[in-house]
Amino acid sequence: MHSSKYTDLALQKCINPECGREFSCARTLFKCPACGDLLDIWYNWDKIPVPDKLNEFAKRWANRNNPLDLSGVWRFRELLNFCQDRYKVTIGEGQTILQQNDTVAEYVDMQPGRLYLQYEGLNPSGSFKDNGMAAAFSHAMMVGAKSCACASTGNTSASVALYAHSCGLKCTVFIGSGRIAFGKLSQGMDYGAQTIQIRGDFDDCMRQVQAVCTKLGLYLLNSLNPFRLEGQKTIMYRIIEGLGWQAPDWIVVPGGNLGNSSAFGKAFYELKELGLIGQIPRLAIINAAGADTLNHLVNSKKLSWNGGRVNQTIIDQYYADLTARSFSPHTCASAIEIARPVNLKKCLRAIDVCNGVVRAVTDEEICDAKAIVGRYGLGCEPASAATIAGLKHLRAEGVIEADERVACVLTGHPLKDPNVTVDYHKQKQGQFSNPPVEAPNDLDEIIKLIE
Ligand code: F0G
């Protein structure tokens with residue numbers, strides 16, 4: 001039985017249909033204790049008073065002095081109903097906007113009025129991670145966690161550090177040495193987290209943090225944590241809200257540890273089951289070419305969800321090959337420099353639910369796309385721009401039509417990684433490089449240089 005502290009509206013459930021075991025939300029688990037597979041949050045929808053129209057959620061903006069109505073996560077609370085209001089954590093995340101952008105549309109060869117950019121850089125720590133942390137830290141408060149940890153390519157650590165000090169939790173973050181963008185590194189240190197820099201890459205950090213959390217009983221905040229993904233579902237609710245409560249034809253998202261794509265698939269599956277949307281959008285997941293595990297497994301090895309019976313041998317062989325080659329991923333989009341994505345199976349399920357596609361794009365394509373978003377949009381960090389580069393591929397292939405309605409998720413703020421931006425512009429390496437012009441300290445000479 002649940003104690004009164006826990007609602008009977010939600011439970012944790014193993015995603016493997018051959019196991020499918022269920023656990024109370026009172027437990028802190030990041031893998032199924034029976035079979036080791038990933039966990040999902042499942043809801044007792046019959047008992048949850050979900051509004052029958054989505055615009056009921058929008059009305060909560062009118063009540064902005066209630067922090068739970070201001071939060072772009074908790075405004076949708078009936079759709080992630082796993083804890084009571086008194087445990088809910090918010091620092092004003094999810095005040096993000098959907099921006100229609102015709103110049104970027106032209107760059108990717110789409111018709112005017114059809115391309116939208118969902119700018120998640122506006123979150124308190126400057127990335128989409130805050131959506132997930134609002135939910136996961138609420139669970140941490142509910143179970144009485146005192147210390148927490150994560151592995152990170154940078155944004156998770158920044159977000160965890162910020163929420164941890166807001167909630168009064170001790171916090172340790174693991175980063176790969178030399179792999180983290182400076183903006184992100186500076187945030188974690190400034191917010192007071194203990195930063196442990198491991199000699200290795202993100203995948204090494206991910207392995208170590210799981211072992212540390214298990215041994216020391218720390219609360220794990222990577223996207224293995226199923227409560228985090230509940231918060232990230234709300235990015236999709238806000239896109240639909242921005243389109244007058246209509247689903248777009250396509251969602252385009254960068255693929256790293258594959259938490260977002262997994263959360264988005266779950267969001268649309270649930271909205272459809274609840275009768276709140278007519279049609280599920282298609283999902284395009286974009287890897288960087290130097291970290292393209294998902295692209296390789298899906299497109300070359302034909303790996304699929306297969307009703308939950310994922311062919312583990314294909315995955316094991318691929319990872320054994322990476323180990324044999326001492327492969328370490330490399331891309332300027334350091335946020336998605338990941339070779340062993342922990343949410344791979346959930347992502348395969350999302351591809352199944354959303355009739356999804358996967359592509360990989362080069363660093364050069366990412367940097368040009370980033371410059372276009374910078375010049376004509378609100379700017380973004382390199383990993384986010386993989387969406388625009390991927391969309392350009394999918395348009396050229398004819399997979400996406402010029403008049404379809406597409407929303408790209410811009411996952412992080414441009415100031416997260418100024419080095420990539422400055423190098424691109426200064427070294428004149430790209431189509432849109434805009435280097436500074438050297439001038440003598442002389443008024444006439446300076447005036448001559450003004451275009
Ligand atoms: N975009 C940005 C800006 C990110 O920071 C990340 C992941 C992704 C995309 C990929 O999202 O993992 O859900 O597929 N960053 C993690 C981190 C890994 O540690 O900050 P995903």
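Let me start with a term: a residue counts as buried under 20% relative accessible area, as exposed over 50%, and as partly exposed in between. Keep that in mind for Arg 309, which is partly exposed at a relative accessible area of 45%. One more thing before we go on: this is a predicted model.

Let's stay with Arg 309. Its side chain meets that of Glu 18 in a salt bridge, 2.9 Å from N to O. Where do the two partners sit? Glu 18 lies in the loop between β1 (10-14) and β2 (22-24), and Arg 309 in the loop between α11 (293-300) and α12 (312-324). The pair therefore ties together parts that are 291 residues apart in sequence. Glu 18 is exposed, because its relative accessible area is 61%.

How many salt bridges does the structure hold? The count is 23. Let me pick out a few others.

Glu 22 and Lys 13 make one, at 3.8 Å from N to O. Is Lys 13 buried or exposed? Lys 13 counts as buried, with 17% relative accessibility.

Next, Asp 204 and Arg 207. Their closest N and O atoms are 3.0 Å apart in a salt bridge. Both residues belong to helix α7, residues 202-216. They are three residues apart there, so about one helical turn separates them. Asp 204 counts as partly exposed, at 22% relative accessibility.

Some salt bridges share partners. That is how Glu 230, Lys 233, Lys 266 and Glu 270 are joined into one network.

Now the ligand. It is surrounded by 20 residues. Which are the closest? They are Thr 153, Thr 156, Gly 256, Asn 257 and Thr 411.

Here are three polar contacts to look for. Thr 411 places a polar side-chain atom 2.7 Å from a nitrogen atom of the ligand. Ser 152 also uses a polar side-chain atom, 2.8 Å from an oxygen atom of the ligand. Gly 256 uses its backbone: an N or O atom there lies 2.8 Å from a ligand oxygen atom. How much of the ligand does the protein bury? Taken alone, the ligand exposes 480 Å², and the protein buries 99% of that.

On to the cysteines. How many disulfides are there? The count comes to zero. Let's check two candidates against the cut-off, which asks for a pair of cysteine sulfur atoms within 2.5 Å.

Take Cys 35. The closest cysteine sulfur to its own belongs to Cys 14, at 3.5 Å, and that is too far for a bond. Cys 35 is partly exposed, with a relative accessible area of 37%.

Then Cys 171. Here the closest cysteine sulfur is in Cys 148, 4.3 Å away, so again the gap is too far for a bond. Cys 171 counts as buried, at 10% relative accessibility.

Last stop, the surface. Which residues make the nonpolar patch? Ile 97, Leu 122 and Leu 378 do, and the patch covers about 240 Å². Ile 97 is found in strand β4, residues 97-100. Ile 97 is partly exposed, with a relative accessible area of 40%. That value also passes the patch cut-off, because patch residues need over 30% relative accessible area.

To recap, then. Glu 18 and Arg 309 link two loops. The protein buries 99% of the area that the ligand exposes when taken alone. The disulfide count is zero. And Ile 97 helps make a nonpolar surface patch, together with Leu 122 and Leu 378.

Conventions: Residues numbered from 1 in each chain as written. Predicted model: local features only at pLDDT ≥ 70, side-chain atom pairs only at ≥ 80, totals over all residues. Heavy atoms only, no water. Patch = residues over 30% accessible without salt bridge, like charges linked within 9 Å, V, L, I, M, F, W, Y side chains within 5 Å. Areas by Shrake-Rupley, 256 points an atom, 1.4 Å probe, with all protein chains shown as cover. Salt bridge = Lys/Arg side-chain N within 4 Å of Asp/Glu carboxyl O. Helix = DSSP H or I, 4+ residues; strand = E, 2+ residues; numbered from the N terminus. Buried < 20%, exposed > 50% of the residue type's maximum accessible area, 1.4 Å probe, protein only. Near = heavy atom within 4 Å. Polar contact = N/O pair within 3.5 Å; in protein donor to acceptor, adjacent residues only side chain to side chain.
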